[in-house]
There are 2 protein chains.
Amino acid sequence: LLGDGGKGSPKVIPPPNFGMVDWGIYRSSYPTAENLPFLKKLRLRSIVYLCPEPYLNHEFVAENKIKLFQFGIEGKCEPAVEIPEGVIRDALRVVLDVENYPLLIHCNRGKHRTGVLVGCYRKVHKWSLASILDEYDRYAGAKARLRDKQFVEAFDASRMQRKGQIWKA
Amino acid sequence: LLGDGGKGSPKVIPPPNFGMVDWGIYRSSYPTAENLPFLKKLRLRSIVYLCPEPYLNHEFVAENKIKLFQFGIEGKCEPAVEIPEGVIRDALRVVLDVENYPLLIHCNRGKHRTGVLVGCYRKVHKWSLASILDEYDRYAGAKARLRDKQFVEAFDASRMQRKGQIWKA
C-alpha cells in the first residue's frame, strides 16, 4: 500500500518521480531524509542505485536490512559517454530476480539512468517500443534524451528473463 | 506481471499513459483494440470508466467477466463545468474496495478525469499535495489543468477509507 490511510497519521512524502513499475518494483529520484518514512512503508528488500557516488542513505539501508546493489553509471551526457551495456545488463539481472522484491530503482532524478533500466525491463516483457518510450518520456519530461531511447531500442533483451515467480500464492 | 516474457511471444501494446497506481490498481487512456491482448494479461476484475459516452469495449468486458463501473464525467473544461464531487466520491469508493481488484481506471486520455480520481486516492493515503501534483503533471504533461489541481487540493478525504485487505496472504 503506497501511503497511509490511518486517521490522524501524518502526511507522507514520496520522492519526486516516484512510480510503480510492476508488482514489487518501484522507481524514483534520489530519496532524501523527508522521503524515508514513506519508503519505510514499502518494506523494501533491495535498492538498485545507479550512480557512481557513495550512497547517502546507508543508515536507512542498514537499519531496515535492505540489500544495496550499486551500479555506478555516469549521469552526464556531455562529453558524450556511452551507456555501459554490461552494467545495465547486470542491474537488470537484479531487477528481474524476484528474490529481491520489493525493490526500488533510483538514480539522481529518476529520469535517465532509471528510465533506461526500466525501458530495458519493458523490452524483456515484450512491450512495443512506442509504449516504452511513452513511459520514458513521462518521467523524463523536457529532459528526455535521444541517446537513452536509442540505447533502449538497440538493447537485445532476448537473452534476459525473469528469475522466480512473483507470487507463489 | 505487466507484459509477457515468453520466448517468441508477440509484442504487447499497453494503452498510452498506462501506469500502475498501487497494488491492484492501474490507470490509462481509453484502451483500443490493439491494447486488449495486453489488458487481458492483467486479469482485470473491474474497469472504472469516467466518460459519459457508451462504452466501446463492452465485448471485451463481457468475455472476460469484468465488472464495468461507469461514472459519466464531462471531459471538456470549456465552458467551465464543475467537477462533480459526488461522482468522484462514488468512483473513489469503488477504487478503494479491494474486492474490485485488479482494477483499471480510465477516461479518454488518462490525464484529467483519471488524474483527478488518482489524486483523490492519494489524498486518502496521506500523500503530500506536492507529491500528488507531481504525479498528476507527469500524466497530464502540457495539458495539466489548474482546475483539476484545485479540486484535488480542496477534496476532503477524511471520510473515505479503504475497504478490505489487499493481501490476506
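Helices and strands in this text are DSSP runs, numbered from the N terminus, with at least four residues for a helix and at least two for a strand. The model is predicted.

**Exercise 1. Find the cis peptide bonds and place their prolines.**

Step 1. In chain A, the bond that joins A:Tyr101 and A:Pro102 is cis, with omega about -10 degrees. In chain B, B:Tyr101 and B:Pro102 are likewise joined by a cis peptide bond, and omega is about -10 degrees.

Step 2. Now place the prolines. A:Pro102 belongs to the loop between α3 (85-95) and β5 (103-106) of chain A. B:Pro102 sits in the loop between α3 (85-95) and β5 (103-106) of chain B.

**Exercise 2. Work out how chain B is related to chain A, and through which surface the copies meet.**

Step 1. Begin with the general case: two copies of a chain are related by a rotation about an axis and a shift along it.

Step 2. Insert the values. A turn of 180 degrees and a shift of 0.0 Å along the axis lay chain B on chain A with an RMSD of 0.0 Å. This is the relation of a two-fold axis.

Step 3. Turn to the interface. Of the interface residues of chain B, 100% are also interface residues in chain A, so the copies meet through the same surface.

**Exercise 3. Describe the two largest cavities by volume, lining and residue class.**

Step 1. Count first: there are 3 cavities of 30 Å³ or more in the structure.

Step 2. Take the largest cavity, which holds about 70 Å³ of space. Its lining includes A:Ile73, A:Glu74, A:His112, A:Arg113, A:Arg145 and A:Asp148. Two or more lining residues come from each of α4 (113-124) and α6 (146-154) of chain A. By class, the lining of the largest cavity has 4 nonpolar, 2 polar and 5 charged residues.

Step 3. Take the second largest cavity, with a volume of about 60 Å³. Residues of both chains line this cavity, among them A:Leu2, A:Phe18, A:Tyr139, B:Met20, B:Arg122 and B:Tyr139. The elements that give two or more residues are β1 (19-22) of chain A, and β1 (19-22) and α5 (129-140) of chain B. With 3 residues, α5(B) gives the most to this lining. The classes here are 7 nonpolar, 1 polar and 4 charged.

**Exercise 4. Characterise the packing of α5(A) against α6(A).**

Step 1. Start with the geometry. The angle between α5(A), residues 129-140, and α6(A) is about 150 degrees, and the axes are 11 Å apart. Their crossing is right-handed.

Step 2. List the contacts. From α5(A), A:Leu129, A:Ile132, A:Leu133, A:Tyr136 and A:Asp137 take part, and they meet A:Asp148, A:Lys149, A:Val152 and A:Glu153 of α6(A).

Step 3. Sort the residues by class. The contact has 5 nonpolar, no polar and 4 charged residues.

Step 4. Link back to the cavities. A:Asp148, one of the α6(A) residues in this contact, also lines the largest cavity.

**Exercise 5. Locate A:Lys40 and A:Asn17.**

Step 1. A:Lys40 is in helix α1 (residues 36-41) of chain A. Leaving aside residues up to four places away in sequence, A:Lys40 touches A:Phe60 and A:Asn64.

Step 2. Compare sequence and space. A:Lys40 and A:Met20 are separated by 20 residues in sequence, and their C-alpha atoms are 15 Å apart.

Step 3. A:Asn17 lies in the segment before β1 of chain A. Although A:Asn17 is not a glycine, its phi is positive, at about 65 degrees.

How values were computed
Residues numbered from 1 in each chain as written. Chains lettered and ligands numbered in written order. Predicted model: local features only at pLDDT ≥ 70, side-chain atom pairs only at ≥ 80, totals over all residues. Heavy atoms only, no water. 1 Å grid on protein atoms, 1.4 Å probe; cavity = no way out; pocket = protein on both sides within 12 Å on 5 of 7 lines; lining within 4 Å. Points joined across faces, edges and corners; volume = space filled by probe spheres on them. Nonpolar A, V, L, I, M, F, W, Y, C, P; charged D, E, K, R; others polar. Axes fitted to C-alpha atoms, helices over the stretch in contact; angles between N-to-C directions. Left-handed = near helix turned anticlockwise from the far one by under 90°. Contact = heavy atoms within 4.5 Å. Least-squares fit on C-alpha atoms with pLDDT ≥ 70 in both.
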